[in-house]
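The following paragraphs are meant to be read with the structure open alongside, moving from one loop to the helices and back. Each step names the place to look at before saying what is found there.

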Amino acid sequence: MILEYARRFGWVAAALMIGMVPRPARAGEPSKLPASPAEAVNRLTLPPGFKAALCAAEPDVVQPIAMALDARGRLWVVENRAYPIWLGGPTGQDRILIFEDTNGDGRFDRRTVFFDKGTNYTGIELGYGGVWVCATPNLLFFPDRNGDDQPDGPPVVKLDGWNVKAQHNLFNALKWGPDGWLWGCHGILSTALVGKPGTPDSKRVAMNCGVWRYHPTREVFEVVAHGTTNPWGLDFDDRGEAFITNCVIAHLFRVTPGAHFDRMYGQDFNPHLYELMATCADHLHWAGGKWQDAREGNALNEDLGGGHAHVGGMIYLADNWPAKYRDTLFTVNIHGHRVNNDRLVRLDDGARIVGRHEPDFLRSSDSWFRGLELKYGPDGGVYVTDWSDIGECHENDADNAHRETGRIFKVTFGDPKPVKVDLALRSDRELARFQSHPNEWYVRTARRILQERAAAGQDLGPAHQILREMLDDDTDVRHRLRALWTLHATGGLDEPARLQRLGDPSPEIRAWSVRLLVDDGRPSDTAIGRLSAMAYDGPSGERSPLVRLYLASAMQRIPVEKRWEMAMGLFNGAPADLDADQTRLIWYGVEPLVAADPFRAWGRLMHSRNARLHRFLARRMVEKDLGAMMPAVLGAISEAGLESSPSIPRSILDGVLEAVAGRKRVEMPKWWPDIPKPMVAKGDAEIRAKLAALGLLFGDPAAEAGLRAIVEDRGADVSSRQFAMRNLVDRRAAGLPPVLFRLLDDEAMRAPAIRALAAFNDPKTPATLLKRYPNLTPAERDDAIATLASRPAWARAMIEAIDSGTIPRRDVSTTIARQVLAFGDGKLTEAMEKAWGSLRPTARDKAPLIAKYHAILADRRLPPANLGRGRLLFGRMCGQCHRLYGEGGDLGPDLTGSDRANPDYILQNVLDPSASVGKDYTMTTVATVDGRLISGIVREQTPAGLVIQTATDRVTIPREDVEAIKPSSVSMMPEGQLDPLAPLEIRDLFAYLAIARPLRRD
C-alpha cells in the first residue's frame, strides 16, 4: 500500500497516511548527526568532469556564513554562532578566519584567526587596508594597514542603524560593484535607519528590504533598490548588471538602480508607486513539487529546483569551468540541498534579461547540507560554504541549532594547476591590463587595488593610458566596459569624457555612460541637457531599449526641478507595448513631478501612447487635488480617441477610480453634468460603467440607477455585475440591502452579496442569512459566518444558531470566535463560550500539545488518511489565507515552499502562530461608526481610506467611517485551529499538507 501511495503522493504524505510519522531524530541518535566531513564531500553530485574537494571542516571552521578572497587568493571566512537568537543569544563568539593552501594540494593547510570576539556577523569584504563586516546593527571596518593579518585596533563603526530585530532578515552579501561602491542586501522584517554614528533619525536613510551601496572614501550611503523579501546573495554579470537571489517569493531579481520590487508583504515607502517591479526569472524552484521528499532521502522531480529559500548568488565569470556555465547564475537552494543554475537570456538589446531554468548543478545527499555562499578564485574553482545544520527556518531552528559544524568545499573542472598570486605586488600597468583577463577575479581585484591607490593619491597616469586604449580600441565590449568602470572608479573619466561616450557605437557603453554621469547624484546642467535630448523619441533621440532603460533609471538621480525635459521624452515616448517594468521605472522618476506641479505635469505628459502611464498619471493627479484636477483629467478622455483608442480613456478612468477609492461621496461638481455625455455616446460598455461608478461618487441619480440595473441584470456579464455591486457597496448606496437579499437567489452573485451585506446595518440580515444557511456551499457558509460576526447583534443571532444546531459548531473557525471576543461584550463572550467553546489565551506550553498530536498521527488503529477529505479541510481551514500549488488565498504566506511535510514544523506554527510573525502579517481590528468590527491585515492605507484583507474578503473602509483602529502583535492565524478536528481529520489534513505534487481532481 505505502509504495502505491508514495508513487502517487510522495513518501512523506504516504507515511503520514498510514501513521508512520516522520520526525526529526532525538539528540544523540545516529540520524541526528551530519555526515562526517570526508563522507560529506563524497555525497556531492556534480556534472561529469567536475570534482569536489574538502578544503576545511570542523573544528577548524564552524557555521561559515560568508566569505571573501584577498589579493593572494586566500579565503577569509566569517563564522556566525549567534543565529538564530540574535537578541540574548551567544555574544562575542563570531570569528573571522583566514585559510590558505600553501602547498597547492587543494586543502587549506594554514589557518589564521583574525578576530574572535564578534557578534551577529553576516557578511565580509576586503579592501582599503582592512576588512568590512556586517555585524548588525553596525557595518564595521577592521583596519589592517600593515597586512599582518591582525587588526590594527578596534573596529571602526562606519554605519549603524540596521535593526537586530530583523531576526533572519539581516543585512548581508557585501561585494564591490563595478562602480567602485560597496554593495549589500537587507531583509524585510524590520525597518533600518542607516547612517553614520550620531546621525539624527531625520537624516538617516530608511530601508526594510532591498539593495544598498556605500562609497568607501566619500562615506555616502544610499538605497539602490527597494523590495523583495530576504535577499541573500548578490553578484554582477559580464556587463555589470546586478542580480540578487531571494527567499520565499521569486528567487531572482535584476537590480536596476531606482527599482521598487514586489514584496512578500507590506507597502513600499512611497504609496504613489501603484505597481512594483517583478522577478526577472520565468520560473520558480518550488511550485509543483516539494523539497521535503529529498530531505527524507526519497525521489524528487529533478525539474523543480528544491524550495523557496535561495542564498549565495554567484554569476560564474572565471576560466576553469566549461564555457556553457559562463555568465550564468548559480544559487544555493537551502531546502533542496543543492545549487540551482539559471541562464541569463538578454532580450531587447539587454533591456530585458530573463532567468531561464537550467538543470541543477550540484546536489547533496547529506540532509545537513546547508550551502550559504559560492565564490570563485584565481584558479577558477568555486568555494562552497556549508553551514551544516538541520535548521533553516526562522526561530523554530532555535531548538535545532548546532553550532559545532561547518564545511568548505571547492568545486573544479578537470585538474586545474595551483595558482600562486599576489595582485597587491603588481604594478599599475599590470593591474590595468588585467581588465581583459578571462577570470573576473583578477578583473575585480585589480580594479579595487587601483581604486585604493588612486584614493591614496598615487599617480595612475600610465594605467589610465592603457585603460583608455582598451576603451577605444578593444573589439570585445566586455573589456571596454571594464576599462570604463575602472577609469571611473579611479578618477580617470571626467564628465567631458563621459559625455563623449554617449555617442559610442555600443549601446552598452552608452548605457553605462548615462549611469556614470549621474553616479554621484550631482550631474551638471550640460549632462542633464544631453540626457534629456537622448530621452526624446525622435530622430535625434536614443533608440536602444537598453539605453532608454538606463535613462529611466538615471532620471531619479536628477534634481526634481531639472528633470522635466527628460521626463517628457521618456513618458511621452513610451510605446504602448513597452515592457511593464520599464514603464514602472519611468513612472517612479515622473511621480515627484506630478506631486510638485500636477497642472504642469498634465500639460506636458498627456501625450503618451502607454495606457499604464496614463492610469498612473490620472490617479496621482486626482489624489493630489481631486477638485482641481478632475475636470482636466476627464476632459482629456474625449480627446484620447474613444472610438480609435479606447484603452487610453479606460486607463484614465481606472486611475481616477483608484484615486477616489475609500470615499463615499464627493459634492457634485458644476461641470459634471456636461462631462459624461460625449463619452457615454462614444464609449464602449466598460467606459460607460466606469463613468457611472464615478457619477455615483458625485451622487448622480442617473449613475446610481444605471449601476443598480447592471447588478440585477442576469443577462449581463458577471464581472460587470460584480464591478457595479462593488461600487454601490463602497459608496454605501442607500436602499441596497433589499437588492442584495434578492441576489441571494442568484448563484452567480450570491457569495459577493453575502459579503456585501456586512457593510449595511440592516436588522433583517441575520434572519435572511440563517434561513438560507443550510443550502449554502461551504465557501458561502464561511462568507455568511464572517458577515454575521461583524456586528454584535448579528453575532448574538449566530451564537443562537450554533446553540440550536442551525450552524454546526465546526463551521465556526477560531478566527471568527476571536473576532466575537474582540467586541469586549462580557455577555456575548459568555454566550459564545457556552455555545462554541473557549479559546486558549496563549500556547505557552506547546510540548504536551505537540505530543498529543504526534500520538494521533502515529496511531495505526486509525484507517489510512483520505487526501480528498484533507483537501476539503485545507480549503475550509487554511485555503482562505494560504496557497498550496496555486490554490487558495494570499492573506498569508504561500505554503508550497514551506517545510509542510515536517509535522513538527506545522505543529509549531499552528499551535503558536504569533511566536514569529512579521508586522505586516499581524491582525488589525477596525471598528466603524455604525457598529461593525472588521479584523484582518491592512493591505493599503490612503488619506481616503483603508483596505483590509479579511479571511473572506478585501474590504475598503472610508476614513470617515472609522471609529477606532486597534493594531496587535497577534498573527492573523488564530490558535486552536486543530481543536475542533477529530483524530482522523487531523491525519487527513496533515497528509494533504505533505503531498509532493498537486492532487488531481478526478
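**From a loop to the helices**

The loop that runs between strand 26 (382–386) and strand 27 (407–413) holds H402, and this is where the walk through the predicted model begins. With a relative accessible area of 26%, H402 is partly exposed, because a residue counts as buried under 20% and as exposed over 50%. Once its neighbours within four places in sequence are left aside, H402 is in contact with Q63, W368, S388 and D389. A further relation links H402 to L33: the two are 369 residues apart in sequence, yet their C-alpha atoms lie 9.9 Å apart in space.

One of the contacts of H402, namely S388, is placed in the loop between strand 26 and strand 27 as well. What is the relative accessibility of S388, and how does it count? The value is 0%, so S388 counts as buried, whereas H402 is partly exposed. The backbone of S388 also deserves attention, since its phi is near 60 degrees, a positive value in a residue other than glycine.

A positive phi is found at Y274 too, where the angle is about 75 degrees although the residue is not a glycine. Y274 lies in the loop between strand 20 (260–263) and helix 4 (292–295), and with a relative accessible area of 18% it is buried. From Y274 the path leads to R620, for R620 is in contact with H272, Y274, W587, E591, V594 and A595, again leaving aside its neighbours within four places in sequence. R620 has its place in helix 16, and its relative accessible area of 8% makes it a buried residue.

Helix 16, which spans residues 611–624, packs with helix 15 at an angle of about 160 degrees, and the two axes are 10 Å apart. Because angles over 145 degrees count as roughly antiparallel, helix 15 is roughly antiparallel to helix 16. The crossing in which helix 15 passes helix 16 is left-handed. On the side of helix 15 the contact is made by P598, W602 and L605, and on the side of helix 16 by L617, M621 and K624. Sorted by class, the contact comprises 5 nonpolar residues, no polar ones and 1 charged residue.

Which residues of helix 15 are buried? In this helix, residues 598–605, the buried positions are P598, A601, W602 and L605. Seen down the axis of helix 15, these buried residues fall within an arc of 95 degrees, so they line one face of the helix. The background is a matter of helix geometry: an α-helix has 3.6 residues a turn, so residues three or four places apart point the same way.

A second group of helices can be entered through T765, which lies in helix 25. At 0% relative accessibility T765 counts as buried, and, its neighbours within four places in sequence set aside, it is in contact with F741, L757, T787 and W794. Among the buried residues of helix 26 (residues 778–788) is T787, together with E780, D782, D783, A784, I785 and L788. The buried residues of helix 26 pack against several other helices, and these are helix 24 (750–756), helix 25 (765–772), helix 27 (792–804), helix 28 (814–822) and helix 31 (867–877).

Two prolines call for a return to the loops. A cis peptide bond, with omega about 10 degrees, joins E58 and P59, and P59 is placed in the loop between strand 2 (50–57) and strand 3 (64–69). The peptide bond from T136 to P137 is likewise cis, with omega near 15 degrees, and P137 lies in the loop between strand 8 (130–135) and strand 9 (138–143).

These places can now be set within the whole. The protein has 33 helices and 34 strands, and buried residues make up 61% of its 1002 residues. Of the contacts in the protein with a separation of 6 or more, 65% are accounted for by residues 24 or more positions apart.

Note on methods:
Residues are numbered from 1 along each chain as its sequence is written. This is a predicted model: local features need pLDDT of at least 70, side-chain atom pairs count only at pLDDT 80 or more; totals for chains, interfaces and linings use all residues. Side-chain values use heavy atoms; hydrogens and water are left out. Buried means under 20% relative accessible area, exposed over 50%, partly exposed in between (1.4 Å probe, protein chains only). Helices (H or I, at least four residues) and strands (E, at least two) are DSSP runs, numbered from the N terminus. The arc is that of the directions from the helix axis to the C-beta atoms. Axes are lines fitted to C-alpha atoms, for helices over the stretch in contact, and angles run from 0 to 180 degrees between N-to-C directions. Angles under 35 degrees count as roughly parallel, over 145 as roughly antiparallel, 65 to 115 as roughly perpendicular and the rest as oblique. A crossing is left-handed if the near helix is turned anticlockwise from the far one by less than a right angle, and right-handed if clockwise. Contact means heavy atoms within 4.5 Å. Ala, Val, Leu, Ile, Met, Phe, Trp, Tyr, Cys and Pro count as nonpolar, Asp, Glu, Lys and Arg as charged, and the others, Gly among them, as polar.
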